[in-house]
Amino acid sequence: MLRHSLSCLASSLLLVHVAAQRPEAPRTVPERTAHSETSRIADVENFVDACAALPHGDRIELHVAGKTHEGRGMLLVKVRSTDEGAAPSLRALVIGNIHAGEVEGKEALQQLVREFAQGEHSELLRHVELWLVPVYNVDGNEAVKVGNRRGQNGPDAVGQRANGQGLDLNRDFVKLDAPETRILTRLFREVDPHLFVDLHTTNGSYHGYHLTYAPSLNANVDRGVDRLSRELLEATRAAMRGHGFETFDYGNFETRDWDGGGAPESKGRGWFTYDHRARYGTNYFALRNRVAVLSEAYSYCDFATRIAATRAFVLTLLQQLVARRDDALETMRDADERLTRGDAAWFGSATVFAEAEQLPVLVGEVERVQADDRPLRLVRGDEATPETMPVVRRFRATRQRRLPRAWAVQHATAEVKQRLQWHGVTFTELEQGATRRAERFAVDKKRKPKRPFQGHQELVLEGHWQPAEDLELLAGTLIVPADQPLARLAATLLEPESEDSLSSWNFLEDQTGVFYPVLRLR
Ligand SMILES: [Zn+2]
């Protein structure tokens, strides 16, 4: 059971000096079951609770971040140094299990909690405070079933991809339909982490890596933050080699519009990244001028290897961030300040794959293993062959528009207002009607796919901007200033040409007639 952290803390302090009575370090479910099983939420709670009783358990604080759709508590483990004089300048938030069949992030985070509670990684904790959510999709985690992840190289029974509402939580970061995403965006607002890491498992192409990764791929991320993110990942890749793990940018030998929602498609053989849109957590997060990293352990490595690779990746990434902390803090501060000053910022749309780079990619093989009544497993072969091919790991916006001074959201519903607040975008409300110089977007065409996706039918608008004119704004119109740190996010949510906005998810549809309801103020 999850006890309050303070009671654990008191008992652990007593035990520090009594070596003979030192509590035994807990073991994770995979460690206890020869890696044949993964943890349920109660296992994770018991595990971190036991960690809090270890000699350095006072580094650990246990919280419930909020309630999931089915009413389960989302466990949040805060880890911070208790050394005198430690003054961490960095904050990092790591989540596991957003897709609850992808289970090694959950196990790796538990191992790290135990290491912290045993007194390891003191130097790291002098510079960074951690917020760890081992089981983000708690309801999905509890829907354990054999066959939830076909072909995965163990364990046989894992949770399901969707949350309790049947939603893919890694498509929810613009629309915020799930309570889990609302909890996470609250943590983003309140903690303001410098680094966000989202832990997954990939079962796509047969490659030769233990783990692949991606920074935010959104073309509207601040250039400095993009540069920092990619340097951090390159350095992490080099250091991971020293631990015996091969890593590279996430990709597939081909990519298609799997969801039918307008994702980019590849042509010919190469190594192609996935999507740039803000519905994905890591693409979204960097629009807040902070570093986001997607981690994808390779589904065909065995479970123990995937846990080890994910643990090493999280730790190495944190160490590399700490190593360049001055650059990191300055880069993020600069990105905030440029926007707050209202320095010329641009909003890009009509996004396409950027130019390919010719790089070596490790091509791998898998063996199909099917024992008696067990589900099929695809097992990574030992051999991998480097092959030089076009590598596409960036996107490029082909249309650029300067940010306005502010946006005016007309006829804003409670749903729209609430979402801006959840995202942390600042706005004011007109108390009385006013005339303002504004540009409006005339809608020429509305397009929608035939089948719904994630409970919506995504709306795509085509149209054109009209020259600025004096327009009447009614009382109650929301004024969203562009001179705020979250202006890139505000533009993504509000611009009619944004490829993943509140309009895409139908929140502005009733207000969209001849004109789009969000005006650009000059
Ligand atoms: Zn995933």
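Strand S12, covering residues 346-353, contributes the most to the lining of the largest cavity, with 3 residues; strands here are DSSP runs of E with at least two residues, helices are runs of H or I with at least four, and both are numbered from the N terminus. This is a predicted model, in which local features need pLDDT of at least 70 and side-chain atom pairs count only at pLDDT 80 or more, while totals for chains, interfaces and linings use all residues. Residues are numbered from 1 along each chain as its sequence is written, and side-chain values use heavy atoms, with hydrogens and water left out.

A search of the whole structure finds 1 cavity of 30 Å³ or more, a cavity being a set of points on a 1 Å grid over the protein atoms alone where a 1.4 Å probe fits but cannot get out, with lining residues having an atom within 4 Å of a point. The largest cavity holds about 90 Å³ of space, the volume being the space filled by probe spheres set on the points. Its lining is made of 13 residues, and Asn218, Asn220, His276, Thr492 and Glu499 are those nearest its centre. By class, this lining has 3 nonpolar, 7 polar and 3 charged residues.

Helix H10 comprises residues 303-323, and its end C-alpha atoms lie 30 Å apart, which agrees with the 30 Å that its 21 residues should span at 1.5 Å a residue. Of these 21 residues, 15 are buried, where buried means under 20% relative accessible area, exposed over 50% and partly exposed in between, with a 1.4 Å probe and protein chains only. At the N-terminal end of H10, Asp302 acts as a cap, with a side-chain oxygen 3.2 Å from the backbone nitrogen of Ala304.

Glu104 belongs to helix H4, residues 104-117, and is buried, with a relative accessible area of 0%. Leaving aside residues up to four places away in sequence, Glu104 touches residues including Phe303, Arg306, Ile307 and Thr310, contact meaning heavy atoms within 4.5 Å.

Most residues other than glycine have a negative phi, and most peptide bonds are trans. Two residues other than glycine with a positive phi are set out below.

| Residue | Phi | Loop | Relative accessible area |
|---|---|---|---|
| Ala34 | near 55° | between helix H2 (29-32) and helix H3 (41-51) | 69%, exposed |
| His411 | near 50° | between strand S16 (406-409) and helix H12 (414-423) | 48%, partly exposed |

The peptide bond from Gly154 to Pro155 is cis, with omega near -10°, and Pro155 lies in the loop between strand S5 (145-146) and strand S6 (157-158).

Methods. Expected span 1.5 Å × (residues − 1). Polar contact = N/O pair within 3.5 Å; in protein donor to acceptor, adjacent residues only side chain to side chain. 1 Å grid on protein atoms, 1.4 Å probe; cavity = no way out; pocket = protein on both sides within 12 Å on 5 of 7 lines; lining within 4 Å. Nonpolar A, V, L, I, M, F, W, Y, C, P; charged D, E, K, R; others polar.
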